[in-house]
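These are my notebook entries on a structure that I have not examined before. I record what I looked up, entry by entry.

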Amino acid sequence: MTTSQRPGRIEIVAGVMFSGKSEELIRRVRRAIIARTPVKVFKSHLDARYVGLQHVSSHTGLSFSAQPIDRSEEILRHVADTPGVGVVAVDETQFLDAGIVEVATHLAEHGVRVILAGTDTDFRGEPFGMMGHLMAIAEDVTKLQAICVLCGDLACRNQRLVAGQPARWDMPVVMVGGSETYEARCRRCFQMPRLNEDQVPLL
Ligand code: ADP
Ligand code: ZN
């Protein structure tokens with residue numbers, strides 16, 4: 001089957017940190033390889049966790065080689081360099097620029113199965129990058145949850161901690177090279193002090 005005859009589609013693997021997005025991405029990529037489909041794997045250069053930029057890796061140690069990119073349009077250039085690519089997989093999609101919407105759409109319309117994994121909410125619990133938009137235009141959305149490290153319920157929030165304390169609302173969304181850490185927490189255990197509590201109307 002040629003590339004243009006294949007049905008293209010967009011699949012999203014979303015959720016908080018530790019929810020298993022990278023594991024799921026790697027699983028889908030492995031299965032595509034078993035089906036002898038040429039695959040290209042990318043990740044945002046902003047994520048260098050564990051084995052560095054050249055790999056997609058999970059918190060359990062699974063890893064897969066990946067091409068680091070700064071901008072979404074680089075995906076098209078790399079795919080054009082390798083004729084016959086049937087699957088394009090991207091990890092840490094939340095860090096990419098708005099162009100990822102056009103890039104994913106273009107690839108899907110040209111018969112490519114596009115698998116985009118990413119954290120769909122930031123440390124405030126608000127939509128992260130283009131993830132919400134991508135979830136809307138995708139054919140298939142898998143939303144994963146982690147386990148709350150405090151109470152054991154399902155976790156839907158990324159708790160940012162700075163020097164062991166909950167990060168405040170006014171901090172930047174992306175802290176490159178920062179000393180912050182993250183925990184998976186449920187809605188009840190999630191804590192986020194506001195800049196000025198008096199200015200925030202409570203229900
Ligand atoms: P993500 O890409 O969503 O950050 P990964 O695929 O890298 O997630 O890692 C998921 C793995 O992380 C789980 O299979 C589990 O072994 C481990 N893990 C560590 N902490 C947690 C947690 N709080 N909840 C769920 N899994 C966790
Ligand atoms: Zn909890």
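Entry 1: strand pairing. I take two strands to pair if DSSP finds at least two bridges between them. The model is a predicted one. I looked up β2 (residues 39–44) beside β6, and this pair runs in the parallel sense over five bridges. Across it, K43 stands opposite D91 of β6. I then turned to β7 (residues 113–119), which pairs with β6 in the parallel sense over four bridges. There the bridge partner of V88 is V114 in β7. To get from β6 to β7 the chain passes through helix α3 (residues 100–109), and the β-α-β crossover that results is right-handed.

Entry 2: the cover over β6. Is strand β6 mostly covered or mostly exposed? I find that five of the five residues of β6 (residues 87–91) are buried, so by the cut-off of under 20% relative accessible area the strand is mostly covered. Side chains in a regular strand alternate between the two faces of the sheet. In β6 I see V87, A89 and D91 pointing one way and V88 and V90 pointing the other way, and all are buried.

Entry 3: the loop after β6. I noted E92 in the loop between β6 and α3. E92 has a positive phi of about 60 degrees although it is not a glycine. With a relative accessible area of 8%, E92 is buried.

Entry 4: the loop before α1. I looked for F18 and found it in the loop between β1 (9–15) and α1. Its phi is also positive, near 70 degrees, in a residue other than glycine. F18 is partly exposed, at a relative accessible area of 41%.

Entry 5: helix α1. I checked the length of α1 (residues 21–34) against its residue count. Its 14 residues should span 20 Å at 1.5 Å a residue, because the expected span is 1.5 Å times one less than the number of residues. The end C-alpha atoms are 20 Å apart, which agrees. Which residues of α1 are buried? I list K21, S22, E24, L25, I26, R28, V29 and A32. Just after α1, R36 takes a positive phi of about 60 degrees.

Entry 6: salt bridges. How many salt bridges does the count come to? I record 10 salt bridges. In one of them the side chains of E24 and R27 meet, at 3.2 Å from N to O. These two residues are three apart in helix α1, so about one helical turn separates them. E24 counts as buried at 18% relative accessibility, while R27 counts as partly exposed at 42%.

I next looked up E11 and R9, whose side chains meet in a salt bridge of 2.9 Å, N to O. E11 is buried, with a relative accessible area of 3%, and R9 is partly exposed, with 29%.

A further salt bridge joins E73 and R71, with the closest N and O atoms 3.9 Å apart. Here E73 counts as partly exposed at 46% relative accessibility, and R71 is partly exposed at 41%. I also traced bridges that share partners: these join R9, E11, E24, R27, R28 and R113 into one network.

Entry 7: the open sheet. I looked up a sheet of three strands, which is open and has the order β12-β11-β13 with antiparallel pairing. β12 (165–166) and β13 (181–185) stand at its edges, each with a single partner strand, so one side of each is left without a neighbour in the sheet. β11 (residues 157–162) pairs with β13 in the antiparallel sense over five bridges. In this pair R160 stands opposite Y182 of β13.

Entry 8: the zinc site. Which residues are the protein donors of the zinc ion (ligand 2)? I find the SG atoms of C148, C151, C186 and C189, lying 2.3 to 2.4 Å from the ion. Their spacing in sequence is C-x2-C-x34-C-x2-C. For four tetrahedral donors the ideal angle at a metal is 109.5 degrees. The angles among the four donor atoms here are 101 to 118 degrees, and the site is tetrahedral. Of the donor residues I also looked up C186, which is buried at a relative accessible area of 4%, and C189, which is buried at 17%.

Conventions
Residues numbered from 1 in each chain as written. Chains lettered and ligands numbered in written order. Predicted model: local features only at pLDDT ≥ 70, side-chain atom pairs only at ≥ 80, totals over all residues. Heavy atoms only, no water. Buried < 20%, exposed > 50% of the residue type's maximum accessible area, 1.4 Å probe, protein only. Donors = N, O, S within 2.8 Å, 3.2 Å for Na, K, Ca; no water. Tetrahedral: all angles 85-135°; square planar, octahedral: opposite > 155°, others 65-115°. Salt bridge = Lys/Arg side-chain N within 4 Å of Asp/Glu carboxyl O. Right-handed = clockwise from strand over helix to strand, strands pointing away.
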